[in-house]
Amino acid sequence: MAIIIKDKQDLTYLRWSHIRSSSGTAGTFLKATSTLGGAKEYYKLSNFDPIKGVIGHECVNEIIVDRLLTLFNIEHLEYKLINAMIEVEGNTFDTYLCASNDFKKPGESKIALDDYYRVNCLSGESHYDFCKRMGWQKYIDTMLVIDFLILNRDRHGANIEVLRNARAHTIRIAPLFDHGVSLLYSCNTDSMAAEFDIFSDKPCNNFIGTFSCRENLELIDKNSKPLAYKLKKSDKKIIFDGLEDILSKIFIDKIWEMIYERYKIYENL
(Lines give C-alpha, C1' and ligand atoms only; values in the text may rest on other atoms or scores of the structure.)
Protein backbone atom coordinates (compact mmCIF):
# COMPACT_ATOMS: atom_id res chain seq x y z
CA MET A 1 0.00 0.00 0.00
CA ALA A 2 1.27 3.47 -0.90
CA ILE A 3 3.27 5.14 1.87
CA ILE A 4 2.72 8.68 3.15
CA ILE A 5 5.65 10.44 4.85
CA LYS A 6 4.23 13.37 6.80
CA ASP A 7 7.38 14.45 8.65
CA LYS A 8 8.83 17.36 6.68
CA GLN A 9 11.77 16.27 4.51
CA ASP A 10 14.42 18.71 3.28
CA LEU A 11 14.62 18.01 -0.45
CA THR A 12 15.99 21.39 -1.47
CA TYR A 13 18.97 19.62 -3.06
CA LEU A 14 16.78 18.28 -5.87
CA ARG A 15 17.09 20.01 -9.24
CA TRP A 16 13.83 20.23 -11.12
CA SER A 17 13.25 20.11 -14.86
CA HIS A 18 10.17 21.57 -16.49
CA ILE A 19 7.83 19.18 -18.25
CA ARG A 20 5.06 21.18 -19.91
CA SER A 21 1.60 19.87 -19.13
CA SER A 22 0.18 17.89 -22.04
CA SER A 23 -3.34 18.31 -20.66
CA GLY A 24 -3.60 22.00 -21.43
CA THR A 25 -3.59 23.09 -17.79
CA ALA A 26 -1.81 26.24 -16.71
CA GLY A 27 1.63 25.87 -15.20
CA THR A 28 4.09 23.02 -15.58
CA PHE A 29 4.86 19.64 -14.09
CA LEU A 30 8.33 19.44 -12.57
CA LYS A 31 10.42 16.29 -12.27
CA ALA A 32 13.71 15.44 -10.57
CA THR A 33 15.91 12.42 -9.93
CA SER A 34 18.28 11.42 -7.13
CA THR A 35 20.79 8.61 -6.64
CA LEU A 36 21.50 9.23 -2.95
CA GLY A 37 21.87 5.88 -1.22
CA GLY A 38 22.75 4.15 -4.47
CA ALA A 39 19.26 3.56 -5.89
CA LYS A 40 17.80 5.91 -8.45
CA GLU A 41 14.63 7.61 -7.29
CA TYR A 42 12.26 9.72 -9.36
CA TYR A 43 10.35 12.70 -7.97
CA LYS A 44 7.53 14.76 -9.39
CA LEU A 45 5.44 17.69 -8.29
CA SER A 46 1.81 18.51 -8.81
CA ASN A 47 0.99 21.32 -11.22
CA PHE A 48 3.34 24.20 -10.42
CA ASP A 49 3.15 27.95 -10.95
CA PRO A 50 6.36 30.01 -10.49
CA ILE A 51 4.47 32.68 -8.54
CA LYS A 52 1.87 30.72 -6.59
CA GLY A 53 3.93 27.56 -6.13
CA VAL A 54 2.17 24.18 -6.25
CA ILE A 55 -1.39 24.76 -7.44
CA GLY A 56 -2.50 21.19 -8.14
CA HIS A 57 -2.99 17.91 -6.29
CA GLU A 58 -1.90 15.43 -8.96
CA CYS A 59 0.56 13.79 -6.57
CA VAL A 60 -2.24 12.96 -4.15
CA ASN A 61 -4.18 11.48 -7.07
CA GLU A 62 -1.21 9.18 -7.74
CA ILE A 63 -1.46 7.80 -4.21
CA ILE A 64 -5.22 7.29 -4.46
CA VAL A 65 -4.92 5.42 -7.76
CA ASP A 66 -1.89 3.48 -6.47
CA ARG A 67 -4.03 2.14 -3.63
CA LEU A 68 -6.96 1.43 -5.95
CA LEU A 69 -4.71 -0.60 -8.26
CA THR A 70 -3.31 -2.47 -5.26
CA LEU A 71 -6.84 -3.47 -4.25
CA PHE A 72 -7.48 -4.72 -7.79
CA ASN A 73 -4.13 -6.57 -7.75
CA ILE A 74 -3.00 -4.77 -10.92
CA GLU A 75 0.71 -4.36 -11.57
CA HIS A 76 1.61 -0.68 -11.35
CA LEU A 77 4.30 1.79 -10.44
CA GLU A 78 4.23 2.35 -6.67
CA TYR A 79 4.54 5.85 -5.25
CA LYS A 80 5.38 7.45 -1.93
CA LEU A 81 3.74 10.74 -0.96
CA ILE A 82 6.28 12.95 0.84
CA ASN A 83 5.79 16.17 2.76
CA ALA A 84 8.83 18.15 1.61
CA MET A 85 10.55 21.48 1.44
CA ILE A 86 11.84 22.08 -2.09
CA GLU A 87 13.68 24.81 -3.95
CA VAL A 88 12.71 25.92 -7.45
CA GLU A 89 14.55 28.78 -9.17
CA GLY A 90 15.82 30.16 -5.87
CA ASN A 91 12.45 30.05 -4.08
CA THR A 92 11.51 27.53 -1.39
CA PHE A 93 8.11 25.89 -1.16
CA ASP A 94 6.41 23.42 1.18
CA THR A 95 4.42 20.77 -0.63
CA TYR A 96 3.55 17.12 -0.96
CA LEU A 97 5.34 15.38 -3.81
CA CYS A 98 5.60 11.87 -5.25
CA ALA A 99 8.62 9.58 -5.27
CA SER A 100 9.01 6.29 -7.13
CA ASN A 101 11.69 3.81 -8.17
CA ASP A 102 12.54 2.61 -11.67
CA PHE A 103 10.30 -0.20 -12.92
CA LYS A 104 12.83 -1.35 -15.52
CA LYS A 105 14.70 -4.57 -14.74
CA PRO A 106 18.49 -4.74 -15.29
CA GLY A 107 19.26 -4.85 -19.01
CA GLU A 108 15.90 -3.43 -20.08
CA SER A 109 15.38 -0.32 -22.17
CA LYS A 110 12.09 1.46 -22.67
CA ILE A 111 10.24 2.86 -25.65
CA ALA A 112 6.92 4.69 -25.78
CA LEU A 113 4.08 2.55 -27.11
CA ASP A 114 3.26 5.06 -29.86
CA ASP A 115 6.85 4.85 -31.17
CA TYR A 116 6.87 1.06 -30.92
CA TYR A 117 3.56 0.91 -32.77
CA ARG A 118 4.82 3.08 -35.64
CA VAL A 119 7.75 0.75 -36.22
CA ASN A 120 5.94 -2.58 -35.82
CA CYS A 121 2.28 -2.14 -36.82
CA LEU A 122 0.60 -3.71 -39.83
CA SER A 123 -0.96 -1.52 -42.49
CA GLY A 124 -4.29 -0.16 -41.23
CA GLU A 125 -3.94 -1.88 -37.85
CA SER A 126 -5.61 0.00 -35.01
CA HIS A 127 -3.75 0.74 -31.79
CA TYR A 128 -6.02 -1.67 -29.91
CA ASP A 129 -5.66 -4.47 -32.46
CA PHE A 130 -1.89 -4.02 -32.46
CA CYS A 131 -1.78 -4.49 -28.68
CA LYS A 132 -4.07 -7.51 -29.01
CA ARG A 133 -1.73 -9.08 -31.59
CA MET A 134 1.22 -8.44 -29.27
CA GLY A 135 -0.51 -10.42 -26.51
CA TRP A 136 -1.35 -7.39 -24.37
CA GLN A 137 -5.15 -7.45 -24.61
CA LYS A 138 -5.80 -8.20 -20.93
CA TYR A 139 -3.41 -5.41 -19.91
CA ILE A 140 -5.08 -2.93 -22.27
CA ASP A 141 -8.61 -3.95 -21.28
CA THR A 142 -7.70 -3.52 -17.61
CA MET A 143 -6.16 -0.13 -18.35
CA LEU A 144 -9.29 1.02 -20.20
CA VAL A 145 -11.48 0.10 -17.23
CA ILE A 146 -9.21 1.86 -14.72
CA ASP A 147 -9.02 4.96 -16.91
CA PHE A 148 -12.82 5.03 -17.00
CA LEU A 149 -13.12 4.69 -13.22
CA ILE A 150 -10.73 7.59 -12.58
CA LEU A 151 -11.45 9.58 -15.77
CA ASN A 152 -7.79 9.61 -16.71
CA ARG A 153 -7.33 12.52 -19.13
CA ASP A 154 -3.73 11.80 -20.12
CA ARG A 155 -3.17 8.23 -21.39
CA HIS A 156 -1.22 9.34 -24.45
CA GLY A 157 1.19 7.05 -26.28
CA ALA A 158 4.16 7.90 -24.07
CA ASN A 159 2.23 7.12 -20.89
CA ILE A 160 2.23 3.46 -21.94
CA GLU A 161 5.69 1.97 -22.32
CA VAL A 162 7.25 -1.15 -23.79
CA LEU A 163 10.27 -2.66 -22.01
CA ARG A 164 12.82 -4.61 -24.06
CA ASN A 165 15.87 -6.66 -23.17
CA ALA A 166 17.85 -7.14 -26.38
CA ARG A 167 20.28 -9.62 -24.84
CA ALA A 168 17.60 -11.83 -23.28
CA HIS A 169 15.24 -11.32 -26.24
CA THR A 170 12.34 -10.39 -23.97
CA ILE A 171 9.66 -7.78 -24.38
CA ARG A 172 6.91 -6.76 -22.00
CA ILE A 173 4.57 -3.88 -21.42
CA ALA A 174 5.41 -1.68 -18.43
CA PRO A 175 3.34 -1.58 -15.24
CA LEU A 176 0.61 1.05 -15.26
CA PHE A 177 1.92 4.49 -14.28
CA ASP A 178 1.19 8.22 -14.33
CA HIS A 179 -2.38 8.79 -13.12
CA GLY A 180 -2.07 12.32 -11.75
CA VAL A 181 -4.25 13.98 -14.39
CA SER A 182 -7.39 12.16 -13.30
CA LEU A 183 -10.21 12.28 -10.76
CA LEU A 184 -10.79 15.91 -9.65
CA TYR A 185 -7.42 17.25 -10.83
CA SER A 186 -9.17 20.21 -12.52
CA CYS A 187 -10.79 21.33 -9.23
CA ASN A 188 -8.80 23.80 -7.14
CA THR A 189 -11.43 24.60 -4.48
CA ASP A 190 -13.96 22.75 -2.37
CA SER A 191 -16.80 24.48 -4.22
CA MET A 192 -15.45 23.27 -7.58
CA ALA A 193 -15.13 19.76 -6.17
CA ALA A 194 -18.68 19.81 -4.80
CA GLU A 195 -20.07 20.83 -8.19
CA PHE A 196 -18.00 18.35 -10.24
CA ASP A 197 -20.07 15.95 -12.35
CA ILE A 198 -18.68 12.50 -11.52
CA PHE A 199 -20.33 10.99 -14.62
CA SER A 200 -18.93 13.53 -17.07
CA ASP A 201 -17.12 12.10 -20.07
CA LYS A 202 -14.54 14.79 -20.71
CA PRO A 203 -12.27 14.61 -23.79
CA CYS A 204 -9.23 12.54 -22.81
CA ASN A 205 -5.84 12.26 -24.48
CA ASN A 206 -6.09 8.51 -25.16
CA PHE A 207 -3.72 6.62 -27.44
CA ILE A 208 -5.99 3.55 -27.40
CA GLY A 209 -9.50 3.95 -28.79
CA THR A 210 -11.24 7.32 -28.84
CA PHE A 211 -11.03 10.44 -26.69
CA SER A 212 -13.95 9.09 -24.63
CA CYS A 213 -13.11 6.81 -21.70
CA ARG A 214 -16.75 5.70 -21.68
CA GLU A 215 -16.73 4.75 -25.37
CA ASN A 216 -13.46 2.87 -24.90
CA LEU A 217 -15.22 0.36 -22.66
CA GLU A 218 -16.98 -0.85 -25.82
CA LEU A 219 -13.64 -2.21 -27.07
CA ILE A 220 -13.57 -4.79 -24.29
CA ASP A 221 -14.91 -8.30 -24.89
CA LYS A 222 -18.40 -8.44 -23.38
CA ASN A 223 -17.61 -11.81 -21.80
CA SER A 224 -14.49 -10.43 -20.13
CA LYS A 225 -14.31 -8.83 -16.71
CA PRO A 226 -10.77 -7.42 -16.38
CA LEU A 227 -11.21 -6.56 -12.70
CA ALA A 228 -11.26 -9.70 -10.57
CA TYR A 229 -11.68 -7.91 -7.23
CA LYS A 230 -15.11 -6.48 -6.39
CA LEU A 231 -14.86 -2.97 -4.96
CA LYS A 232 -16.71 -2.50 -1.65
CA LYS A 233 -17.88 0.59 0.20
CA SER A 234 -15.53 -0.33 3.05
CA ASP A 235 -12.57 0.08 0.66
CA LYS A 236 -12.95 3.86 0.99
CA LYS A 237 -11.13 3.71 4.33
CA ILE A 238 -8.20 1.82 2.78
CA ILE A 239 -7.86 4.16 -0.18
CA PHE A 240 -7.98 7.40 1.80
CA ASP A 241 -6.22 6.31 4.98
CA GLY A 242 -3.85 9.08 6.09
CA LEU A 243 -5.12 11.60 3.54
CA GLU A 244 -7.70 13.18 5.84
CA ASP A 245 -5.42 16.09 6.73
CA ILE A 246 -4.11 16.47 3.16
CA LEU A 247 -7.40 16.51 1.22
CA SER A 248 -10.61 18.10 2.47
CA LYS A 249 -13.59 15.92 3.34
CA ILE A 250 -15.42 17.36 0.33
CA PHE A 251 -12.66 16.18 -2.01
CA ILE A 252 -12.40 12.76 -0.38
CA ASP A 253 -16.16 12.15 -0.46
CA LYS A 254 -16.49 13.34 -4.06
CA ILE A 255 -13.51 11.31 -5.31
CA TRP A 256 -14.81 8.17 -3.63
CA GLU A 257 -18.30 8.77 -5.01
CA MET A 258 -16.77 9.13 -8.47
CA ILE A 259 -14.74 5.92 -8.26
CA TYR A 260 -17.52 3.82 -6.71
CA GLU A 261 -20.38 5.03 -8.92
CA ARG A 262 -18.34 4.62 -12.08
CA TYR A 263 -17.29 1.16 -10.86
CA LYS A 264 -20.99 0.23 -10.64
CA ILE A 265 -21.42 1.30 -14.28
CA TYR A 266 -18.56 -1.01 -15.26
CA GLU A 267 -20.05 -3.90 -13.24
CA ASN A 268 -23.40 -3.51 -15.01
CA LEU A 269 -22.01 -3.55 -18.54
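I began with tyrosine 229 in this predicted model, and I noted that it counts as partly exposed, at 24% relative accessibility. I then looked up phenylalanine 72, which is buried, with a relative accessible area of 5%.

Next I asked how the rings of phenylalanine 72 and tyrosine 229 are placed. Their centres are 6.1 Å apart and their planes stand at 75 degrees, and because an angle over 60 degrees counts as edge-to-face, I entered the pair under that heading. I also wanted to know which parts of the chain the pair ties together. Phenylalanine 72 lies in the loop between helix H1 (58-71) and strand S7 (80-88), while tyrosine 229 lies in the loop between helix H6 (213-216) and helix H7 (235-240), so the pair joins parts that are 157 residues apart in sequence.

I went on to the other rings and found that the structure holds ten aromatic pairs. Ring pairs link Tyr116, Tyr117, Phe130, Trp136 and Phe207 into a cluster. I also checked for charges over rings: lysine 225 lies over the face of tyrosine 266, at 4.4 Å from the ring centre, and the charged end of arginine 262 sits over the ring of phenylalanine 148, 4.4 Å from its centre.

Last, I turned to the nonpolar cores. The largest has 70 residues, and those with the most contacts inside it are Ile64, Ile140, Leu149 and Ile208. Among the elements that give two or more residues to this core I listed H1, helix H4 (137-150) and helix H8 (249-267). Leaving out residues up to four places away in sequence, I found that isoleucine 140 touches Tyr128, Cys131, Ile173 and Ile208. Another core, of 15 residues, lies apart from the largest one and includes Leu30, Phe48, Ile82 and Leu97.

Notes: Residues numbered from 1 in each chain as written. Predicted model: local features only at pLDDT ≥ 70, side-chain atom pairs only at ≥ 80, totals over all residues. Heavy atoms only, no water. Phe/Tyr/Trp six-rings, centres within 6.5 Å; stacked < 30°, edge-to-face > 60°. Helix = DSSP H or I, 4+ residues; strand = E, 2+ residues; numbered from the N terminus. Buried < 20%, exposed > 50% of the residue type's maximum accessible area, 1.4 Å probe, protein only. Lys NZ or Arg CZ within 6 Å of the ring centre and 35° of its normal. Core = buried A, V, L, I, M, F, W, Y, C linked by side-chain atoms within 4.5 Å. Contact = heavy atoms within 4.5 Å.
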